Amino acid sequence: MTARERIAGNVAGYVDDRTGAAKWMKKNLTKVFPDHWSFLLGEICLYSFIILLASGTFLTFWFDPSMQEVVYDGAYAPLQGVEMSRAYESALEISFEVRGGLLMRQIHHWAALIFMVGIVVHLLRVYFTGAFRKPREFNWIIGVGLLTLGIVEGFLGYSLPDDLLSGTGVRIAEAIMQAIPVVGSYLSYFAFGGAFPGYAFIPRIYTVHVLLLPGIFLALITVHLMLVWYQKHTQFPGPGRTEKNVVGYPLMPVYMAKAGGFFFIVFGVTAFLGAVASINPIWLYGPYTPGQVSAGSQPDWYMGWLDGLVRMAPPLETHALGFTISWNILIPGLILPGIMFTLLALYPFIEQWATGDKREHHLLDRPRNAPNRTALGAMALTFTLVSLINGGNDIIATHFDLTINQMMWFSRIGVIVLPPIAFIVTKRICLSLQRADRELVLHGRETGRLVRLPHGEFVEVHEPITPEKAWLLTSHEQLAPLELPEFDQSGVRRPGALKNKIRNRISRANAVAVPKATESERKELEGHH
Ligand code: HEM
């Protein structure tokens with residue numbers, strides 16, 4: 001034993017004597033994780049969260065969330081002599097006078113954008129592969145909570161510097177609060193500590209942004225990862241992989257090394273972007289004054305869809321009993337997002353209800369083998385994308401020489417018409433891909449080699465696929481539709497008949513599939529070849 005090994009052994013023994021960690025570590029460090037690139041998406045969220053904590057802590061040393069009015073006298077000449085809040089002034093100081101300050105601000109902002117991209121793409125991976133199915137429904141709900149928190153946290157973050165862009169966003173938030181019937185104006189007065197914009201809002205959201213929400217994030221992410229640990233990770237189907245095992249690499253050393261390396265890749269990309277790509281140049285916007293809005297004001301991308309929905313709403317208002325209800329803000333700003341997030345959170349249960357499949361699933365679905373789910377996802381994505389496009393309607397109009405009216409009508413019609421089209425097209429694509437799989441299993445791979453037979457006919461030679469591939473393409477289960485009884489034995493409608501009818505219908509639509517190639521079909525065709 002070398003001296004170094006002896007020292008390491010002594011330290012490990014010292015810690016183990018006091019914590020009993022060795023047994024626990026031995027058991028857990030050899031835990032096996034399945035390997036697939038898409039499983040790294042959750043890690044991108046985790047690492048950018050860590051980067052956010054570190055860079056955000058740096059910013060707290062110099063940012064001053066105060067609404068005290070000051071006259072700027074700092075390093076950025078164009079704003080000298082301009083009245084502004086201390087919060088804006090301190091954000092300018094970080095950008096121009098604190099060493100490394102602008103880099104940290106930009107890293108923090110880029111990390112937030114990457115964090116949200118990571119969350120959304122991770123969510124899509126979980127959704128399209130069916131990883132949310134039993135027993136992972138709770139983790140899905142926690143995930144939807146993290147997504148919601150992420151949106152709010154990001155919004156509060158870019159509202160802090162009190163520049164003209166952030167103030168414009170806060171003004172919209174105030175309008176959404178006020179649109180709530182009866183209590184709206186009270187709520188807004190409560191949040192702003194008086195009339196908008198007031199002196200209280202920035203200090204308040206600062207506490208929420210740096211203390212409350214990060215705390216909740218930490219707690220939720222911990223539970224999220226503990227659940228992944230306890231329930232084990234799902235895996236894609238493949239030879240040797242079953243609902244009961246996990247095929248992959250042990251945590252130590254393989255996964256640890258990969259994860260550590262991946263952290264530095266994420267950090268490197270974020271730092272690179274922070275160093276070379278300007279983001280949120282607040283000095284160009286100027287300080288916030290309620291009377292001004294700069295042209296081309298855009299929220300960060302994860303808020304864009306909400307802005308887009310509000311922008312496209314027709315001017316609907318009701319005046320009754322001395323109250324005004326602004327439907328044009330209430331519906332796109334609160335009701336629609338409320339419905340969207342509730343449906344998203346409940347989706348695992350909705351699917352269970354529709355398919356009647358309440359079993360555990362640890363093997364993932366290939367998206368084509370769950371056409372209805374995949375098509376629904378494409379439909380939701382299309383809706384969000386059209387809204388997001390409309391969130392940038394002014395910029396798109398000026399860049400592509402369109403009028404704002406053309407953009408508006410494209411979005412208003414598109415947001416209703418395009419999602420169902422996306423559903424139908426995606427479902428057809430899934431079924432076509434299933435048909436292609438079936439062909440592949442039964443007739444093999446097209447080689448592109450043409451051969452002329454003795455009697456003159458030309459045929460293309462097909463090569464049989466490997467048994468592993470054939471297994472992969474045929475191992476999935478094709479669920480039979482539900483047949484819940486609508487009538488009892490004497491032909492009388494049972495209670496709940498309507499519900500059963502609806503479930504039967506949905507499950508029939510769910511079960512539409514191209515029958516996968518069976519073993520006997522394969523055998524039969526082998527004889528023909
Ligand atoms: C702060 C945000 C989040 C972090 C840090 C995070 C982190 C992770 C990590 C590291 C994993 C394991 C690796 C992987 O499957 O990618 C995971 C799995 C999972 N996440 Fe997230 N996640 C976040 C948000 C979400 C969201 C928004 C959802 C869905 C609404 C979600 C649902 C799930 C589910 C169901 C699993 C288990 C997947 C499986 O076993 O295949 N997560 N998460």
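Biologist: What makes arginine 86 and glutamate 93 a salt bridge?

Modeller: In this predicted model, the closest N and O atoms of arginine 86 and glutamate 93 are 3.3 Å apart. The cut-off for a salt bridge is a side-chain nitrogen of Lys or Arg within 4 Å of a carboxyl oxygen of Asp or Glu, so the pair arginine 86 and glutamate 93 qualifies.

Biologist: Is arginine 86 buried or exposed, and what is glutamate 93 called?

Modeller: Arginine 86 has a relative accessible area of 17%. Buried means under 20%, so arginine 86 is buried. Glutamate 93 is at 23%; partly exposed runs between 20% and 50%, so glutamate 93 counts as partly exposed.

Biologist: Which residues are linked with Arg86 and Glu93 in a network of salt bridges?

Modeller: Asp64 and Glu89 belong to that network along with Arg86 and Glu93. The whole structure has 16 salt bridges.

Biologist: Aspartate 64 also has a contact with serine 90; what makes that a polar contact?

Modeller: The side chain of serine 90 reaches the backbone nitrogen of aspartate 64 at 2.9 Å. The limit for a pair of N or O atoms is 3.5 Å, so the distance from serine 90 to aspartate 64 falls within it. Serine 90 sits in helix α4, residues 86–96.

Biologist: Why is serine 90 called buried?

Modeller: Serine 90 is at 0% relative accessibility, and the limit for buried is under 20%, so the term applies to serine 90.

Biologist: How do you know that arginine 133 and aspartate 365 form a salt bridge, and what does the pair tie together?

Modeller: Their side chains meet at 3.2 Å, N to O, against a cut-off of 4 Å. Arginine 133 lies in the loop between α5 and α6 and aspartate 365 in the loop between α13 and α14, so the pair ties together parts that are 232 residues apart in sequence. Arginine 133 has a relative accessibility of 10% and aspartate 365 one of 17%. With buried set at under 20%, arginine 133 counts as buried, and aspartate 365 is buried as well.

Biologist: What makes arginine 359 and glutamate 477 a salt bridge, and where do they lie?

Modeller: The closest N and O atoms of arginine 359 and glutamate 477 are 2.9 Å apart, which is within 4 Å and so meets the definition. Arginine 359 is in the loop between α13 and α14, glutamate 477 in the loop between α17 and α18, so the pair ties together parts that are 118 residues apart in sequence. Arginine 359, at 40% relative accessible area, is partly exposed; glutamate 477, at 47%, is partly exposed too.

Biologist: Which residues form the positive surface patch, and why can arginine 493 belong to a patch?

Modeller: The positive patch is formed by Arg493, Lys501, Arg505 and Arg508. Patch residues need over 30% relative accessible area and no salt bridge. Arginine 493 has 47%, so its accessibility passes that limit. Arginine 493 is placed in the loop between α17 and α18.

Biologist: Which helices each supply at least two residues of the nonpolar patch?

Modeller: They are α14 and α16. The largest share, 10 residues, comes from α16. The patch is about 1100 Å², and Trp409 is one of its residues. Tryptophan 409 lies in helix α16. At 48% relative accessibility it counts as partly exposed, and 48% is over the 30% required for a patch, so tryptophan 409 meets that condition.

Biologist: What is unusual to note about the phi of valine 182 and of aspartate 401?

Modeller: Valine 182 has a positive phi of about 65° although it is not a glycine. Aspartate 401 is not a glycine either, and has a positive phi of about 60°. Valine 182 is in the loop between α7 and α8, aspartate 401 in the loop between α15 and α16.

Biologist: Why are valine 182 and aspartate 401 called exposed?

Modeller: Exposed means over 50% relative accessible area. Valine 182 is at 52% and aspartate 401 at 73%, so valine 182 counts as exposed and so does aspartate 401.

Key: Residues are numbered from 1 along each chain as its sequence is written. This is a predicted model: local features need pLDDT of at least 70, side-chain atom pairs count only at pLDDT 80 or more; totals for chains, interfaces and linings use all residues. Side-chain values use heavy atoms; hydrogens and water are left out. Patches are made of residues with over 30% relative accessible area and no salt bridge: like charges are joined within 9 Å, nonpolar side chains (Val, Leu, Ile, Met, Phe, Trp, Tyr) within 5 Å. Accessible areas come from the Shrake-Rupley method with a 1.4 Å probe; for residues, only the protein chains shown count as cover. Lys and Arg count as positive and Asp and Glu as negative; His and the chain ends are not counted. The place of a charge is taken as NZ of Lys, CZ of Arg, CG of Asp or CD of Glu. Helices (H or I, at least four residues) and strands (E, at least two) are DSSP runs, numbered from the N terminus. Buried means under 20% relative accessible area, exposed over 50%, partly exposed in between (1.4 Å probe, protein chains only). A polar contact is a pair of N or O atoms within 3.5 Å; within protein, one must be able to donate a hydrogen and the other to accept it, and residues adjacent in sequence count only if both atoms are side-chain atoms.
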